[in-house]
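This report walks through one protein model, moving from strand pairing to the core and then to the ligand surroundings. Please keep the sequence and the structure in view while reading.

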Amino acid sequence: MLKGEKVGLRARHEDDIPILQAELHDDVVTSSRSQSRPWRPITPGSKDSQFVVDDTEERHVQFSVIELDGGTLVGTASLWGIDNHNRSAHIGLGLLPSSRGKGYGTDVVAALCHYGFVVRGLQRLQIETLSDNAAMLRAAEHHGFVREGVLRSAAWVMGEFLDEVLLGLLIQEWKPDSKH
Ligand SMILES: CC(C)(COP(=O)(O)OP(=O)(O)OC[C@H]1O[C@@H](n2cnc3c(N)ncnc32)[C@H](O)[C@@H]1OP(=O)(O)O)[C@@H](O)C(=O)NCCC(=O)NCCS
């Protein structure tokens, strides 16, 4: 398990999936804001759930996020689009509504940076987020991610086109600040 200050990143367990489905996917607005495809209902137990992990998919590593104190599930995190030639990847995360605004997101970004840079030997990490996602932007910038550009009207979200911000962090800019 990867450890931050308050949260841990562990493998996905079967019984995490219905919770993540109900709290993240079934919230149409949150789901539409964090996915670049139209929301649709997913049948319980379906292999089509974004939270079902394919361990043979080498370019995508998914984690469940838990509180270190007690082990309660608080969200999901991933390193995706892993490119071992250019040594880059994207990071993504989503926390259950009751676990937002407690510093967990900032902690998850730290743990994903440790995984990408130290465990996987990558040299560049990237995040794409909606330009109005203040919490995601601050959690990323806290660890040194730099705004590299705005993708104007790149995301169709609930009836309107929204701008996305692209943030990048290079290993030489990264300042590891916690144990993992
Ligand atoms: C985005 C998300 C991962 C951030 O994690 P979080 O645990 O809520 O954020 P944190 O508590 O670590 O806060 C990060 C910073 O944002 C600020 N912040 C938190 N919630 C905020 C809000 N609703 N509005 C504005 N700022 C906010 C915090 O004060 C903190 O700033 P600081 O570093 O200056 O103190 C989380 O809110 C979430 O899962 N949201 C829904 C899904 C989502 O948007 N995923 C990202 C898709 S790219």
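Which residue stands opposite Leu73 in β4? The residue is Ile66, and the pairing is read, like everything below, from a predicted model.

**Two hairpins in the sheet**

Strand β3, residues 61-67, and strand β4, residues 73-83, run antiparallel and are joined by 6 bridges. Between these two strands the hairpin has 5 residues, and in this hairpin Gly70 takes a positive phi near 110 degrees. Strand β4 is also joined, by 7 bridges, to strand β5, residues 88-95, and this pair too runs antiparallel. The hairpin of β4 and β5 has 4 residues between the strands, with Arg87 taking a positive phi near 55 degrees. Along the pairing of β4 with β5, Trp80 stands opposite His90, while Ser78 stands opposite Gly92. The two hairpins are set out below.

| Hairpin | Residues between the strands | Residue with positive phi |
|---|---|---|
| β3 and β4 | 5 residues | Gly70, near 110 degrees |
| β4 and β5 | 4 residues | Arg87, near 55 degrees |

**The whole sheet**

These strands belong to an open sheet of 8 strands, whose order is β1-β2-β3-β4-β5-β6-β8-β7 and whose pairing is mixed. Because β1, residues 2-3, and β7, residues 146-157, each have a single partner strand, they stand at the edges, and one side of each is left without a neighbour in the sheet. In general, the strands of a sheet pair through backbone hydrogen bonds, and they may do so in parallel or antiparallel fashion.

The UniProt record, an unreviewed entry, places the feature "domain: N-acetyltransferase" at residues 7-163. In the model this span is 26% helix and 34% strand, and its end C-alpha atoms lie 30 Å apart.

**The nonpolar core**

The largest nonpolar core has 32 residues, and those with the most contacts inside it are Val65, Ile91, Val108, Val109 and Leu112. At least two residues of this core are supplied by each of β2, β3, β4, β5, α3, β6, α4 and β8, and the largest share, 9 residues, comes from α3. Val108 shows how distant parts of the sequence meet: setting aside residues up to four places away, Val108 touches Gly4, Val7, Val65, Ala77 and Leu93.

Is Ala89, which has its place in strand β5, buried or exposed? Ala89 counts as buried because 24 C-beta neighbours lie inside 10 Å, where the cut-off for burial is 20 or more. Beyond its neighbours within four places in sequence, Ala89 is in contact with several residues, including Leu79, Trp80, Gly116, Leu122 and Leu125. Ala89 and Gln126 are 37 residues apart in sequence, yet their C-alpha atoms are 6.3 Å apart in space.

**Around the ligand**

There are 21 residues around the ligand, of which Arg100, Gly105, Thr106, Ala135 and Arg138 come nearest. The elements giving two or more residues to this shell are α2 (28-34), β5, α3 (104-119) and α4 (134-142). Helix α4 gives the largest share, 6 residues. By residue class, the shell divides into 7 nonpolar, 11 polar and 3 charged residues. Strand β5, helix α3 and helix α4 thus appear both among the elements that supply the core and among those that contribute to the shell around the ligand.

How values were computed: Residues are numbered from 1 along each chain as its sequence is written. This is a predicted model: local features need pLDDT of at least 70, side-chain atom pairs count only at pLDDT 80 or more; totals for chains, interfaces and linings use all residues. UniProt positions are given in the numbering used here, feature names are shortened, and annotations may be inferred rather than shown by experiment. Two strands pair if DSSP finds at least two bridges between them. A residue is near a molecule or strand if its C-beta atom, placed from the backbone, lies within 6 Å of it. Ala, Val, Leu, Ile, Met, Phe, Trp, Tyr, Cys and Pro count as nonpolar, Asp, Glu, Lys and Arg as charged, and the others, Gly among them, as polar. A nonpolar core is a set of buried Ala, Val, Leu, Ile, Met, Phe, Trp, Tyr and Cys residues joined through C-beta atoms within 7 Å. A residue is buried if 20 or more other C-beta atoms lie within 10 Å of its own, exposed if 12 or fewer, and partly exposed in between; C-beta atoms are placed from the backbone. Two residues are in contact if their C-beta atoms, placed from the backbone, lie within 7 Å.
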